[in-house]
Amino acid sequence: MGEAKRRKQLGLMPTVFPFRAELGRDGEVRVLQGPEDAGQRALIEKALRDSQSFGAAWDAEYRTVSVLGSRGSERYATREDVERIPVPPLRQIDGELALGSVGQSQGAVIPVEGGSVRLREQRHSFGDETWQTLPPLRDPQHLMRALQQHPAFDIEGESLGQFQVDHWLEGRIDVTPDVSDLDENGDTLEFFETLVKEFHGQTPEEWTAMHREMLEGQQEGDLTPEREQALAAALGEVPVARRSFFEIRRSAPLQSPLMATAYFRDLEFYLLTGAAYTLDGDTWHPYEDPDTEIEGGGLAPELAEFFDLNMITVTVHADGRVEWDEDEELSEDDIRQLQTDLTESTGAGNPQAWAEWNRTMLQEVLGTELTVPDGERLPVPVAIRLDIPRDVLGDDSPLAQTYMESEVTFDGKTWRDLYSEEVPEELLPFATGQESN
């Protein structure tokens, strides 16, 4: 019996549904041909929406391939040079949804529930009936010459921040500062966590192998006996958590294939230096020198600088009052911005809006530490303290994009640190594993 026939009889062969989908620049995904089942079409649409570029990222992707594939003498040096390249608003992608055991596959494969989506061919159109494919880029020497020829590849997108990621062997991932504000649906955080899992290892075996690989990368060159001994000892240990640092930027005009670690929609992810690990959950060791311990909580220099910014602590009360240290030198415009932005974003002065904002904030900050049954109400703080970088005062951006909640009080006297290891006493009835009163 042939292998394919045997696998089919055993139920190991996947069920394959070819499809053709059309993608718009603004994120629309429409299945033109494919399975009739709505759930299967939804799997295809989500896979394409999560994996393909849209908006500024699609502009950059198309223009990058155009520039890299160009054989002419034109030189792209500025953002304006790049933006003169027209971008097609429509794409078509041919592929197949494979449900069941899929084994090895050629081309791009996107995991979905119960199988995978395979991408075969992509075409683009400027809105007429003519569909074209992007030229393949296979000559590495030509690519390197193109990168050197066009200075526009050095233009960076807007930085949205640098982030510390602590990934625990048990599966928990802590991102500092909070990345969830980058979109409304939490898709960026979901992608970020997937990226971190791929980087650190998704199984215990991968986790150990990638940890060893990071350490072995430090063995090049001349080593002192002490350093060699420290590396040998570290190779025999399995960390309970690993720490990496990333910068997230908006899409650059061109996507250099030598720069970003990953792309997601209109965001670029860059891996920074400073990776570390811990064997006990408390003491962190840098991969660059595992015999040493990281001081100050192990923040990367860039993040340490972020948290050392000249911060101003502002107290917002439920009744709408906004207070700060009287020694702070604030202009009338600063005061007006603080009072307007902070009352609007927190709902202060409006009991219902204030309660709803605090409920959402507490659940986001405390996460899985809280269990709130449907219909139950959390205690409402009477005031909250917010830490705001002083240099954002006067900017046009809303302060809600920059402040960090630090403490709350439920009685106006006792303040509870939101980032301590203990759930605030007033919220203990909702602590995970306990029943509410």
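**Figure 1. The loop that holds Pro-177.** Pro-177 is placed in the loop that runs between β7 (173-176) and α6. In this predicted model, the peptide bond leading from Thr-176 to Pro-177 is cis, and its omega is near -5°. Most peptide bonds, by contrast, are trans.

**Figure 2. The backbone at Arg-265.** Arg-265 belongs to the loop between β9 and β10 (267-271). The phi angle of Arg-265 is near 55°, a positive value in a residue that is not glycine. Most residues other than glycine have a negative phi. The relative accessibility of Arg-265 is 24%, so this residue counts as partly exposed.

**Figure 3. The whole protein, as a setting for the close-up views.** The protein has 437 residues, and 38% of them count as buried. Its secondary structure consists of 11 helices and 17 strands. When contacts between residues at least 6 apart in sequence are considered, 63% of them join residues at least 24 apart. The exposed area of the protein is about 24,600 Å², of which carbon and sulfur atoms supply 46%.

**Figure 4. The second largest pocket and its lining.** This pocket has a volume of about 1,200 Å³. Its lining comprises 35 residues, and those closest to the centre of the pocket are Ala-47, Asp-50, Ser-51, Gln-52 and Ile-110. At least two lining residues come from each of α2 (38-51), α3 (55-69), β4 (108-112), β5, α6 (187-200) and β9 (262-264). Helix α6 gives the most to the lining of this pocket, namely six residues. Sorted by class, the lining residues of the second largest pocket are 18 nonpolar, seven polar and 10 charged.

**Figure 5. Aromatic pairing between Tyr-62 and Phe-126.** The count of aromatic pairs in the model comes to 11. In the pair formed by Tyr-62 and Phe-126, the ring centres are 6.4 Å apart and the planes stand at 85°; because planes over 60 degrees apart count as edge-to-face, this pair is assigned to that class. The pair links distant parts of the chain, with Tyr-62 in helix α3 and Phe-126 in the loop between β5 and α5 (140-149), 64 residues apart. The two partners differ in exposure: Tyr-62 has a relative accessible area of 9% and is buried, whereas Phe-126, with a relative accessible area of 42%, is partly exposed.

**Figure 6. Phe-163, Phe-192 and the aromatic cluster.** Phe-163 and Phe-192 make an edge-to-face aromatic pair, with 6.4 Å from centre to centre and 85° between the planes. This pair also links distant parts of the chain: Phe-163 is in strand β6 (residues 159-168) and Phe-192 is in helix α6, 29 residues apart. Both Phe-163 and Phe-192 are buried. These two residues belong to one aromatic cluster, together with Phe-191, Phe-199, Phe-246, Phe-264 and Phe-269.

**Figure 7. The surroundings of His-124.** His-124 is located in strand β5 (residues 115-125). Its relative accessibility is 4%, and since buried means under 20%, His-124 counts as buried. Apart from residues up to four places away in sequence, His-124 touches Tyr-62, Pro-88, Leu-90, Arg-91, Thr-130, Trp-131, Gln-132, Thr-133 and Leu-134. One of these contacts, Tyr-62, is also the buried partner in the aromatic pair with Phe-126.

**Figure 8. Leu-330 and its contacts.** Leu-330 sits in the loop between β14 (322-324) and α10 (332-346). With a relative accessibility of 16%, Leu-330 counts as buried. When neighbours within four places in sequence are set aside, Leu-330 is in contact with Ile-312, Trp-324, Ile-335, Leu-338, Arg-390 and Leu-393. Leu-330 and Arg-390 are 60 residues apart along the chain, and their C-alpha atoms are separated by 9.7 Å.

**Figure 9. Ser-406 within its strand.** Ser-406 lies in strand β16 (residues 404-409). This serine is buried, its relative accessible area being 14%. Leaving out neighbours within four places in sequence, the contacts of Ser-406 are with Arg-385, Leu-386, Asp-387, Arg-416, Asp-417, Leu-418 and Tyr-419.

Key: Residues are numbered from 1 along each chain as its sequence is written. This is a predicted model: local features need pLDDT of at least 70, side-chain atom pairs count only at pLDDT 80 or more; totals for chains, interfaces and linings use all residues. Side-chain values use heavy atoms; hydrogens and water are left out. Helices (H or I, at least four residues) and strands (E, at least two) are DSSP runs, numbered from the N terminus. Buried means under 20% relative accessible area, exposed over 50%, partly exposed in between (1.4 Å probe, protein chains only). Contact means heavy atoms within 4.5 Å. Accessible areas come from the Shrake-Rupley method with a 1.4 Å probe; for residues, only the protein chains shown count as cover. On a 1 Å grid over the protein atoms alone, a cavity is a set of points where a 1.4 Å probe fits but cannot get out, and a pocket is an open set with protein on both sides within 12 Å along at least five of seven lines; lining residues have an atom within 4 Å of a point. Grid points are joined across faces, edges and corners, and a volume is the space filled by probe spheres set on the points. Ala, Val, Leu, Ile, Met, Phe, Trp, Tyr, Cys and Pro count as nonpolar, Asp, Glu, Lys and Arg as charged, and the others, Gly among them, as polar. Rings of Phe, Tyr and Trp (its six-membered ring) pair if their centres lie within 6.5 Å; planes under 30 degrees apart count as stacked, over 60 as edge-to-face and the rest as tilted.
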